[in-house]
Structure formats: C-alpha cells, structure tokens
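Hi,

Here is the structure I promised to pass on. Have a look at it first, and then read on for what turned up.

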Amino acid sequence: MLESIRSMAIYQELKGGLAEKNTLPGLGLPRAARLPLSAALYQDLNRPLLLLTDRSDRTLTMLDELKFWAPQIPISIFPEPNPMFYEPAGWGSTTRRDRLQVLSTLSVYHMLGAPKPALPPLMIAPLRAVMNRTMPRRDFLKASRSVRRGQEIAPENLQHQWIEIGYQPSDTVVESGQFSRRGGLLDIWPAAEPYPVRLDFFGDEVETLRRFDPATQRTVENLERLLVTPARECLPGLLKNVANAGDELAEFYLALAHPTPATLLDYLPQQAMILIDDLDRLQTAALEIEEQAVKTRQESIQEGILAPDFPVPYLSWSELRDMLDSHPWLELGRATAPENSAFSQVFDPGPRFGGRLKPLMEYIGERCRAGDQVVVVSRQVSRLLELWDEQQCQPADGHPIEFREGSLTEGWILTLADGSKRLLLTDSEIFGWERPRPRVQRRTAAEAPEALYADLKPGDWVVHMDYGIGRFRGLVRRTLEGVEREFLFLEYDNSEQVYVPVHQADRLTRYIGPDNDEPTPTRLGTPEWANARQKASEAAQEVARELLELYARRQTVQGKAFSADAPWQYELEASFPYVETRDQLRAMGEVKRDMESPRPMDRLLCGDVGYGKTEVALRA
C-alpha cells in the first residue's frame with residue numbers, strides 16, 4: 001500500500017515541494033489515510049518528523065497504527081503532563097522519562113561533535129504537551145555532561161554534577177534518572193539511554209564504559225563516550241529559594257526556575273518537519289485549554305494557592321502559531337487545503353457491510369476480477385480466510401488478496417492514475433466496529449539482583465535459610481584473602497554475627513510473622529533452627545497430604561466439557577473495544593481450557609479494578 005502511495009505523481013510533487021518550501025497548502029486527507037502517507041514521507045524525506053495532534057487518545061492511536069504501517073520506524077511519544085495547568089501536582093516518573101527521552105534525542109542535533117541517531121526520530125505529541133513550557137534549549141545543552149573512556153575525573157565530582165542536573169542517588173539503579181556508587185563503580189541511567197551505564201574507575205580514570213542489563217547485570221555494549229542529559233525539565237538547584245518546591249512538585253515551578261519561555265519546538269533541528277493532524281482541531285483544543293487554564297488560575301489566586309504574579313506555565317495558541325511558522329510544516333487535514341485538493345480526490349471511504357460477510361466476499365471477488373489490489377486488516381483474519389478460501393477466486397492481475405492481522409481505525413479506496421484501485425478494508429467497514437482503543441502500556445522498572453536486599457534497612461528482622469531469624473545491620477565491606485568484598489551483616493542471639501556474601505542474598509528474606517510481636521533471634525550453634533525447620537516441614541507435608549486427597553477426589557468428579565470456540569465466539573471477542581493485555585490473554589486461554597475439559601473448573605481470577613476481569617468472565 002505504501003508503494004502505491006509513493007507511485008502517485010501527486011505524492012512525488014509533494015515530496016519535491018517539501019524539499020523547496022517551508023510551508024505548503026494542506027492535503028485534505030481523510031483521517032484513515034494520514035498515517036500511511038506520514039510513514040511514506042518519513043522514509044523518503046529521511047529527516048526528523050513531529051506529528052502534532054489535538055488529544056492524547058489520538059496520540060496513542062497514531063502510535064499504534066504507525067507501528068502497523070512501518071514497524072521499523074523508531075517512534076516516540078512526547079506526552080502531556082498529567083496535571084492541568086496551574087494544578088500543583090507531580091508529573092509522574094513515566095511522563096518525565098518519556099519527555100526527557102525526546103528532548104535528549106533532539107538535543108544532540110545542536111551539539112558540536114555529538115553523534116547523531118542512526119535513524120532520525122519520529123515523534124508524536126498532543127497539543128498540550130507542546131504548549132507546556134520546558135527547560136530552554138540553551139540551558140539543557142549547558143547542563144548536559146559528557147564522559148569519555150580514559151577521562152580523568154573524580155567519581156565524587158561526577159556524582160555532584162549529576163545531582164545538580166536532577167539525578168537521584170540510589171542503592172541500586174533500577175529506573176531512568178538514578179545513579180549509584182559502589183567502590184570504584186558508578187552506575188547511572190541517563191534519560192536518553194535504553195539501558196543503565198556502568199563506569200569502572202581505576203583511581204580517577206574512567207577505565208571502561210558499558211551499557212548493562214539491570215536485571216542480569218550483563219554487559220550489553222561497550223562505549224567510548226556517554227552523554228548524560230538532565231534528568232528533570234526543571235533543575236533542582238534553581239528552586240532553592242522557592243517554598244514547597246520539593247522533588248515531586250519541581251515541574252510545577254518550572255516557569256519560575258526558567259523565565260525564558262521554551263517548548264518542544266525550540267529543540268527541533270532546522271531540517272525537522274512538522275506534520276499537523278488537523279489545524280482547526282488544534283486551534284479549538286488550544287482555546288479550550290487556555291480557557292480552562294485562566295479559570296483555574298483565577299480560582300487558585302482567590303483561594304490563596306497561587307501568587308498573583310505567578311508566571312504563565314504555557315504558550316498561548318497565538319505564540320505557538322508564530323513558532324510553527326518558523327519551522328517547515330504541513331497540514332494533513334482540510335483546514336488549509338484547497339477545495340477538492342488532489343489528495344482528497346484519490347482517497348475515498350470504503351463500502352460498509354455491517355457484519356454481512358457473504359456480500360463482503362462477493363465484493364472482494366468482484367474487485368479481484370477487476371484487477372484491483374485488496375488488503376484486509378482485521379482481528380478476525382482466520383475466519384475471513386476460511387470464507388475467502390470457499391470463493392476460489394483468482395485475481396485478474398495475479399496479485400493475491402492479502403489478509404493481515406491488525407487493527408486500524410478505518411480503510412479507504414485509493415484510485416491510481418491508470419484507473420486501478422487499491423482497497424484497504426478494516427473491521428470498521430466489515431463489521432461496523434470502532435478500532436479498539438489502545439491502553440497506556442505501563443513500563444515497570446527493571447529488577448536488579450540487588451533488589452533482593454535493597455529495601456532492607458538496618459534493624460529489620462530477616463530470616464536466613466541456614467542460620468534462622470536475626471537482625472539486618474547493614475551492608476559492610478570486608479577483605480578476605482586480599483580481595484575486598486561486600487557482605488550483608490546479620491546479628492543473632494547474644495550479639496553473634498554472620499556475614500553473608502551479597503551473591504548469596506537469595507538465601508535471605510524479610511521476616512513476616514503472624515502478628516506484630518517481635519520474634520526471638522535464633523541462637524547460633526544450637527539445634528534450635530534445625531528443629532524449627534523440621535517442624536515447619538512436617539506441618540507443610542501434612543497440609544500437602546490433605547490437599548492431595550482433596551484434589552484426588554475432585555479429579556474423579558465428572559463435569560460438563562464445553563465445545564471449542566465457534567465463529568460467533570470469535571466475532572464477540574473481536575468486538576471488545578480495547579487491546580487485550582498479556583495477562584488477560586493468558587487468563588482467557590486457561591479458563592477456556594478448563595471449560596473444555598470434562599473436569600469441573602477450580603480457578604480464582606484476580607485483578608485490579610478496570611483491568612478486564614469482567615471481559616474474561618463474559619467470554620467464559
């Protein structure tokens with residue numbers, strides 16, 4: 001389909017026009033055709049691209065569908081902060097990280113000698129994210145720090161620098177924006193890096209630089225140079241005189257810390273291109289956001305929450321519109337497009353079948369015999385393929401019908417210059433369903449091996465598999481056979497001490513008792529702990545015997561074995577207006593296997609509110 005778009009003369013004219021002018025008239029494209037054309041432009045122009053849209057939900061949809069059209073493209077989202085303007089609340093670590101990754105990626109285009117990305121970035125941003133002020137580009141570049149292999153610098157100096165630009169010291173680096181030190185090792189997870197980086201020092205010399213997997217601690221890649229960009233959009237050192245400006249609320253005072261207004265657009269390199277989803281929708285959304293912000297400001301000043309001279313934390317639509325004109329931009333929608341624009345003439349909406357599959361197959365057969373190319377993108381591919389195989393229709397031009405698993409908002413009919421057509425049919429045309437709304441993917445922090453003991457504090461009660469119950473007294477260093485190592489220091493009855501090597505931390509767990517009473521520490525050198533383990537083992541075996549007897553009796557009971565899924569079941573499931581999570585899919589598969597078995601089901605389904613338990617039950 002992308003090749004068909006590229007082959008059009010009007011596309012070639014557009015590509016040539018973009019190389020010569022900053023701004024061209026709008027294209028007047030239907031929404032369904034905007035993302036495939038954007039993917040084609042990104043690949044052909046080979047320059048940074050910013051897709052600007054009006055709402056966050058549209059941003060997520062664009063991200064999901066662009067991955068379908070061009071899965072190899074490196075796509076990132078520049079998210080809007082969770083709080084509204086003038087709302088004193090934290091942004092959240094995920095929002096900070098995603099925004100800083102985009103700013104860091106763009107900042108290297110303004111650094112002399114900095115290596116540029118192998119592929120130019122493709123960014124998607126909702127309007128409010130771009131309206132929101134950020135750190136001026138000059139301050140961001142000034143705050144960025146570069147470290148090279150072989151460089152002479154004291155680890156203490158690096159730590160001080162990193163704290164100044166927003167990094168948090170931690171016992172173990174498990175997420176972006178943290179650093180930790182252990183002897184001659186410095187770990188840091190820069191905002192723009194996919195993995196943390198370990199600096200190994202020999203004295204004050206950086207001997208090695210390497211990316212590593214935080215879960216396995218294994219080296220991913222050796223580096224010659226590391227760029228450490230700021231970990232916050234508001235540098236903490238600039239808020240020392242601002243009351244209530246803690247770490248969580250730092251971004252609320254961003255306009256105070258950085259008086260010069262700046263947005264994402266200031267970071268775009270000269271060769272970057274902005275694609276606007278729909279200019280009218282953008283303006284409407286901006287005016288609504290400004291109206292809400294003015295109302296919130298007035299209420300906050302009246303309630304004494306906000307000072308009357310508090311700076312405006314966003315750029316108005318008029319200011320943003322002026323900034324847009326300083327960059328090459330192109331509207332994909334109709335606001336600036338001429339009437340009956342060339343692109344609006346070649347893209348037409350597809351026919352609607354409302355779930356009537358027989359007329360659908362007849363229509364596809366007609367199009368095949370006419371020599372048109374047809375692509376069907378659906379969540380019901382297996383069912384549609386069965387029906388199509390029954391048609392036994394051979395395309396006139398030898399191009400087979402292409403069925404692809406996927407979910408797109410809508411399809412279209414593209415008419416080429418020779419009169420032939422390219423048809424994209426989706427679930428919207430076939431069944432009349434809306435595209436499933438993408439869920440925000442939660443990205444959990446990696447769990448490093450140190451996490452086994454990182455949350456232990458001196459004085460906590462712990463249980464060692466071999467020694468029993470004692471108190472954790474901290475992490476200490478001891479020299480054995482001329483080698484200095486780290487140990488977990490445990491204290492038992494009569495102040496007896498045990499030093500556990502950190503690589504054996506998996507033999508240690510936090511003590512969890514039946515009540516709030518403190519336990520009695522184990523006396524070392526006695527059979528006390530062995531006896532306790534023996535009693536616990538015998539009790540566990542007794543419970544296990546009871547469970548085995550219970551489940552053995554259950555195995556002899558006959559229940560109803562339900563039949564496997566039928567086409568109606570597939571159609572019901574495809575109407576689910578969300579993309580299933582991995583946990584949902586696993587639970588559904590297990591429940592169905594239980595129900596198709598002649599043994600009665602014995603299963604407990606657990607999950608947080610809003611994470612799809614009802615959907616699992618409905619399908620069952």
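How many salt bridges does the structure hold? The count comes to 39 salt bridges, and do keep in mind that this is a predicted model.

A few of them, one by one. Glutamate 80 pairs with arginine 128, with 3.2 Å between the closest N and O atoms. Glutamate 80 sits in the loop between strand 2 (75-77) and helix 5 (93-107), while arginine 128 belongs to helix 6 (residues 127-131), so this salt bridge ties together parts that are 48 residues apart in sequence. Arginine 128 has a relative accessibility of 5% and therefore counts as buried, the cut-off for that being under 20%.

Then there is arginine 97, which forms a salt bridge with aspartate 98; here the closest N and O atoms are 3.6 Å apart. Arginine 97 counts as buried at 15% relative accessibility, and aspartate 98 counts as buried too, at 14%.

Arginine 181 and glutamate 156 make another salt bridge, their closest N and O atoms lying 2.9 Å apart. Since arginine 181 is in strand 6 (residues 178-182) and glutamate 156 is in helix 8 (residues 155-164), the pair ties together parts that are 25 residues apart in sequence. Are the two partners buried or exposed? Neither, quite: arginine 181 is partly exposed, with a relative accessible area of 35%, and glutamate 156 counts as partly exposed at 44%.

There is also a salt-bridge network to look at, and it links Arg379, Asp565, Glu573, Glu580, Lys592, Glu615 and Arg619.

On to the cavities. The structure has five of 30 Å³ or more, and the largest cavity holds about 160 Å³ of space. Its lining is made up of 16 residues, with Trp91, Asn132, Glu251, Phe252 and Pro313 nearest the centre. What classes of residue line the largest cavity? Twelve are nonpolar, one is polar and three are charged.

Last, a hairpin. Strand 9 (residues 205-212) and strand 10 (residues 219-223) pair in the antiparallel sense over four bridges. Arginine 210 stands opposite asparagine 222 of strand 10. Six residues lie between the two strands, and glutamine 217, in the turn, has a positive phi of about 65 degrees.

That's the lot from me.

Cheers

How values were computed: Residues numbered from 1 in each chain as written. Predicted model: local features only at pLDDT ≥ 70, side-chain atom pairs only at ≥ 80, totals over all residues. Heavy atoms only, no water. 1 Å grid on protein atoms, 1.4 Å probe; cavity = no way out; pocket = protein on both sides within 12 Å on 5 of 7 lines; lining within 4 Å. Points joined across faces, edges and corners; volume = space filled by probe spheres on them. Nonpolar A, V, L, I, M, F, W, Y, C, P; charged D, E, K, R; others polar. Pairing = 2+ DSSP bridges. Salt bridge = Lys/Arg side-chain N within 4 Å of Asp/Glu carboxyl O. Buried < 20%, exposed > 50% of the residue type's maximum accessible area, 1.4 Å probe, protein only.
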